[in-house]
Amino acid sequence: MSNVLLLINGRRKKLFDSKYVHILRSNQTLKFEISHNTTVKSETKYATTAIDIDSNGEYLLSGDSVGAVSIHQINKTDVNSCNEVKPTCYEPKSGHKFNINSIKWFPKDTGIFVSSSSDKSVQVWDTNEMAAVEKFKFSGHVYDAGLSARGGKTSHLIAAAISNHLVKLCDMKSGSDTHTLKGHTAAVNNVIWSNRNAYALISAGRDGKIIMWDIRRSNAAVHYFDQFNGNSEKAHCGSVTSLSQTEGGIFLLSSGQDEQVRCWDMTSGENTFTNFGAAAYPDVKSIGATISFNSCYPGLLYLPNGSDISVFDILSGQHITDLSGHFGRVNAVCYNKVVPQLYSCSSDCTVLVWEPPSPQPSDDGDDSEVPIKTPYQDNWSDSDND
């Protein structure tokens with residue numbers, strides 16, 4: 001191995017094992033607690049079933065069990081006072097008749113969002129008018145709908161996970177569904193576009209399968225994720241309940257009815273066999289898991305687990321903690337990429353905000369923060385005085 005590769009591997013190991021990584025995580029995501037300063041007020045008495053935060057961390061989007069949609073502005077809170085965040089927009093008559101299963105902002109544009117529902121439809125919304133401008137109808141319940149974060153030639157496509165074993169691609173330009181992806185033998189719970197390849201789509205179903213598709217090909221299924229890295233087409237024994245990926249798309253995380261969490265190397269498509277223990281809640285329904293996006297590569301997995309939220313280290317599989325505060329099933333969680341905050345929604349009709357504890361003043365009255373060296377900071381300095 002060349003000296004350069006040894007240097008790179010050595011620095012990578014130092015980064016992962018660095019005490020500064022643990023200090024930074026301890027001061028932020030590892031010590032999440034229910035916010036003492038911010039509460040999210042809901043206009044509905046029904047369960048919130050889906051949430052999303054835009055890439056700028058400005059607006060929280062949510063949908064509930066009767067089809068109502070709400071938008072909260074979350075970037076105007078004062079950390080030094082108590083804040084009750086009321087809905088900026090609330091639309092009780094969204095056009096959906098039943099439960100909203102997923103709701104997503106259009107990447108980099110809060111003027112558009114997409115929702116899917118058990119009323120067998122996907123709707124495209126104009127945020128300014130709070131009205132649906134396009135509606136795609138299907139023959140089965142739509143459990144998830146995904147938009148490509150990479151944009152480009154697939155930015156106008158919506159992938160829909162449908163209960164009749166199919167994945168449908170909807171073209172927002174033409175207003176019709178253009179592709180049907182067949183490979184699942186049970187209801188499809190989740191769809192997610194790859195962060196590495198704009199044409200790659202990943203779906204997960206109640207048949208235990210996770211399939212990667214290349215939408216440019218006629219035979220679109222290019223890889224079946226196998227829990228044993230053999231010839232099986234099963235990623236989980238039972239329903240796959242969540243899919244989430246790291247920001248660069250290097251790792252894919254899945255959870256299943258078999259109470260297992262699996263980490264997949266997206267370069268090879270293989271199971272990394274990271275041991276998360278008996279981690280997931282044994283359910284067949286889809287849940288919205290999320291991964292933290294911060295300088296602590298590769299991040300933490302936040303997984304709804306009954307009425308709690310389980311937190312895992314993606315690299316080691318270590319169970320960090322459980323966040324407890326809800327009194328009903330947690331349906332989805334969403335991480336704010338701008339500030340270290342986590343939002344969760346539950347069947348108890350609440351949306352909770354989780355954030356690091358407020359800094360406590362020292363005994364001598366000096367409450368100034370002690371500077372912390374980041375994991376990416378070198379020992380050398382370009383200062384002439386050093």
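Reader: Let's start with one pair of strands: how many bridges join S16 to strand S17 (residues 200-205)?
Author: S16 and S17 run antiparallel. A strand here is a DSSP run of E with at least two residues, a helix is a run of H or I with at least four, and both are numbered from the N terminus; two strands pair if DSSP finds at least two bridges between them. The number of bridges joining S16 to S17 is five.

Reader: Before we go on, from which number are the residues counted?
Author: This is a predicted model, where local features need pLDDT of at least 70, side-chain atom pairs count only at pLDDT 80 or more, and totals for chains, interfaces and linings use all residues, while side-chain values use heavy atoms, without hydrogens and water. Residues are numbered along each chain as its sequence is written, starting from 1.

Reader: Thanks! Which residue in S17 does asparagine 190 stand opposite?
Author: S16 and S17 form a hairpin, with six residues between the two strands. Across the pair, the residue of S17 opposite asparagine 190 is alanine 204.

Reader: Is S16 largely enclosed or left open, and how many of its residues are buried?
Author: Buried means under 20% relative accessible area, exposed means over 50%, and partly exposed lies in between (1.4 Å probe, protein chains only). S16 is largely enclosed by the rest of the structure, because its buried residues number six of the six.

Reader: What percentage of the whole protein counts as buried?
Author: The protein has two helices and 30 strands. Of its 386 residues, the share that counts as buried is 50%.

Reader: Which strands stand at the edges of the sheet S3-S4-S5-S7?
Author: This is an open sheet of four strands in the order S3-S4-S5-S7, with antiparallel pairing. Two of the strands each have a single partner strand, so one side of each is left without a neighbour in the sheet. Those edge strands are S3 and strand S7 (87-91).

Reader: And which residue of S4 is the bridge partner of isoleucine 51?
Author: S3 and S4 pair in the antiparallel sense over five bridges. One of the pairings involves isoleucine 51, whose bridge partner in S4 is serine 62.

Reader: There is another sheet, S20-S21-S22-S23; which strands stand at its edges?
Author: Four strands form this open sheet in the order S20-S21-S22-S23, and the pairing is antiparallel. Two strands have a single partner each, so each keeps one side without a neighbour in the sheet. They are S20 and strand S23 (270-271).

Reader: Which residue in S21 stands opposite valine 240?
Author: S20 and strand S21 (residues 251-256) pair in the antiparallel sense over five bridges. In S21, the residue opposite valine 240 is glycine 256.

Reader: Now the open spaces: which strand gives the most residues to the lining of the largest pocket?
Author: On a 1 Å grid over the protein atoms alone, a pocket is an open set of points with protein on both sides within 12 Å along at least five of seven lines, a cavity is a set where a 1.4 Å probe fits but cannot get out, and lining residues have an atom within 4 Å of a point. The largest pocket has a volume of about 1400 Å³, and of its 49 lining residues, Ile51, Asp52, Ile103, Lys104 and Ala289 lie nearest its centre. Strands supplying at least two lining residues include S3 (48-53), S16 (188-193) and S20 (240-245). The one that gives the most, with six residues, is S8.

Reader: Which strand gives the largest share of the lining of the largest cavity?
Author: The whole structure holds three cavities of 30 Å³ or more, and the largest contains about 80 Å³ of space. Its lining has 14 residues, with Ser42, Thr44, Thr48, Ser62 and Ser70 nearest the centre. The largest share, four residues, comes from S4.

Reader: What is the volume of the second largest cavity?
Author: Its lining includes Thr241, Tyr281, Asp283 and Arg329. The volume of this second largest cavity is about 60 Å³.

Reader: Finally, how far apart in space are valine 333 and aspartate 52?
Author: Valine 333 is found in strand S28 and counts as buried, at 5% relative accessibility. Beyond its neighbours within four places in sequence, its contacts (heavy atoms within 4.5 Å) include Ile51, Ala289, Pro304 and Leu342. Valine 333 and aspartate 52 are 281 residues apart in sequence, and their C-alpha to C-alpha distance is 8.3 Å.

Methods:
Grid points are joined across faces, edges and corners, and a volume is the space filled by probe spheres set on the points.
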